[in-house]
Amino acid sequence: MTEVPVLYSPWYVLGVFLANGTGCVLTVFCLVRMTDERRSTANRAVLVVGAAWGLIETARDDALFVLATAIHLRDGQVRFFLAPGLALTVGTVLISIVVLGVAAAWPRPLWTVAAGVTVGLLTSAMIVQSMLSGRSGYVTSINAPAAVAIAAGLTAAIAAAVSLATGATRRWRMAAPIMVVALAMTVAQYLMAGQVTIDLTATVDDAAGASPLTLIFITVAAFGVRVIALTLLSLTDEGRVEQASEVYEGVRRTR
């Protein structure tokens, strides 16, 4: 087995951290608001979906960006097989929606911690799968014990962040999860990239897929989609809260 050299470019690392931070802002934005009983059921459902999608998609896309820029950028022969990751993304987002939906409906410590652990495990799984997306003509694997240790640390950080941010009303409970998870995810993605190994004695047929530059374009476009989603949610949220407050106060007066 041969370890794949990892390129730690400061600009790329900073870009990954900022992209992870944006995804965490989107997730925390939704976690804070999804427990608000003044909101309509439909609005809370949208927030649950946003929280799940924001974190899982960020982990996958930025892990792929790390894979392309830190390992394979100079290798034009490498192709990235994205179909398994897309299927896993759909499955993990759906599971995350369910567990976060339970936490939104019953925001008790037991459910928020359980949701955080579940989402953390799924996020770590997405990063591991992304790191195995490269196809170079040789068998690619990952150092399992090290990957498990990295995943455990990231899971703990996400579990704590979800528990703190769900229904939070204090600023530190919103800001701390964003910074902690963004940093933990960035570190985990680069550490995980360093655990990728290639067996030069075992060859496999190259699968058709995206080139490194194409993958970078895809991940940057996905980052843009998350920014747009966060912007739209922010712009429409203030009016929804005002309307919900008026309805809530009207119901209280009639009782």
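**Cavities, a pocket and helix packing**

Three cavities of 30 Å³ or more were counted in this predicted model. The largest cavity holds about 80 Å³ of space. Its lining is built from Cys24, Thr27, Val28, Leu31, Leu55, Ile158, Ala161, Val162, Ala165, Pro177, Ile178 and Val181. Three helices each give at least two residues to this lining: H1 (10-33), H5 (144-165) and H6 (171-193). By class, 11 of the lining residues are nonpolar and one is polar. No charged residue lines the largest cavity.

The largest pocket has a volume of about 160 Å³. It is lined by Gly15, Val16, Leu18, Ala19, Asp62, Phe65, Thr219, Val220, Phe223 and Arg226. H1, H2 and helix H7 (212-254) are the elements that contribute two or more residues to the pocket lining. Six of the lining residues are nonpolar, two are polar and two are charged. Asp62 and Arg226 are among the residues of this lining. H1 thus appears in both settings, as a contributor to the lining of the largest cavity and to that of the largest pocket.

Helix packing was examined next. Two packed helices are described by the angle between their axes and the distance between the axes. Helix H2 (residues 41-70) packs on H6 at an angle of about 40 degrees, with the axes 10 Å apart. The two helices are therefore oblique to each other. Their crossing is right-handed. On the H2 side, the contact involves Leu55, Thr58, Ala59, Asp62, Ala63, Val66 and Ala70. On the H6 side, it involves Val181, Met185, Gln189, Tyr190 and Ala193. By class, the contact of H2 with H6 has nine nonpolar, two polar and one charged residues. Leu55 and Val181 take part in this contact and also line the largest cavity. Asp62 of H2 meets H6 as well, and Asp62 lines the largest pocket.

H6 also packs on helix H4 (residues 109-131). The axes of H4 and H6 come within 10 Å and cross at roughly 35 degrees. This crossing, too, is right-handed. H4 supplies Thr123, Ile127, Val128 and Met131 to the contact, and H6 supplies Met185, Gln189, Met192 and Ala193. Six of these residues are nonpolar and two are polar, with no charged residue in the contact. Met185, Gln189 and Ala193 of H6 meet H4, and these residues also meet H2.

H2 has a further partner in helix H3 (residues 83-105). The axes of H2 and H3 come within 8 Å and cross at roughly 140 degrees. H2 is oblique to H3, because an angle over 145 degrees would be needed to count as roughly antiparallel. The crossing of H2 and H3 is right-handed. From H2, the contact draws on Arg44, Val48, Val49, Ala51, Ala52, Trp53, Ile56, Glu57 and Arg60. From H3, it draws on Gly85, Leu86, Thr89, Thr92, Val93, Ser96, Ile97, Leu100, Gly101, Ala104 and Ala105. The residues in this contact are 12 nonpolar, five polar and three charged. Arg44, Glu57 and Arg60 of H2 are among the residues that meet H3.

Conventions
Residues are numbered from 1 along each chain as its sequence is written. This is a predicted model: local features need pLDDT of at least 70, side-chain atom pairs count only at pLDDT 80 or more; totals for chains, interfaces and linings use all residues. Side-chain values use heavy atoms; hydrogens and water are left out. On a 1 Å grid over the protein atoms alone, a cavity is a set of points where a 1.4 Å probe fits but cannot get out, and a pocket is an open set with protein on both sides within 12 Å along at least five of seven lines; lining residues have an atom within 4 Å of a point. Grid points are joined across faces, edges and corners, and a volume is the space filled by probe spheres set on the points. Helices (H or I, at least four residues) and strands (E, at least two) are DSSP runs, numbered from the N terminus. Ala, Val, Leu, Ile, Met, Phe, Trp, Tyr, Cys and Pro count as nonpolar, Asp, Glu, Lys and Arg as charged, and the others, Gly among them, as polar. Axes are lines fitted to C-alpha atoms, for helices over the stretch in contact, and angles run from 0 to 180 degrees between N-to-C directions. Angles under 35 degrees count as roughly parallel, over 145 as roughly antiparallel, 65 to 115 as roughly perpendicular and the rest as oblique. A crossing is left-handed if the near helix is turned anticlockwise from the far one by less than a right angle, and right-handed if clockwise. Contact means heavy atoms within 4.5 Å.
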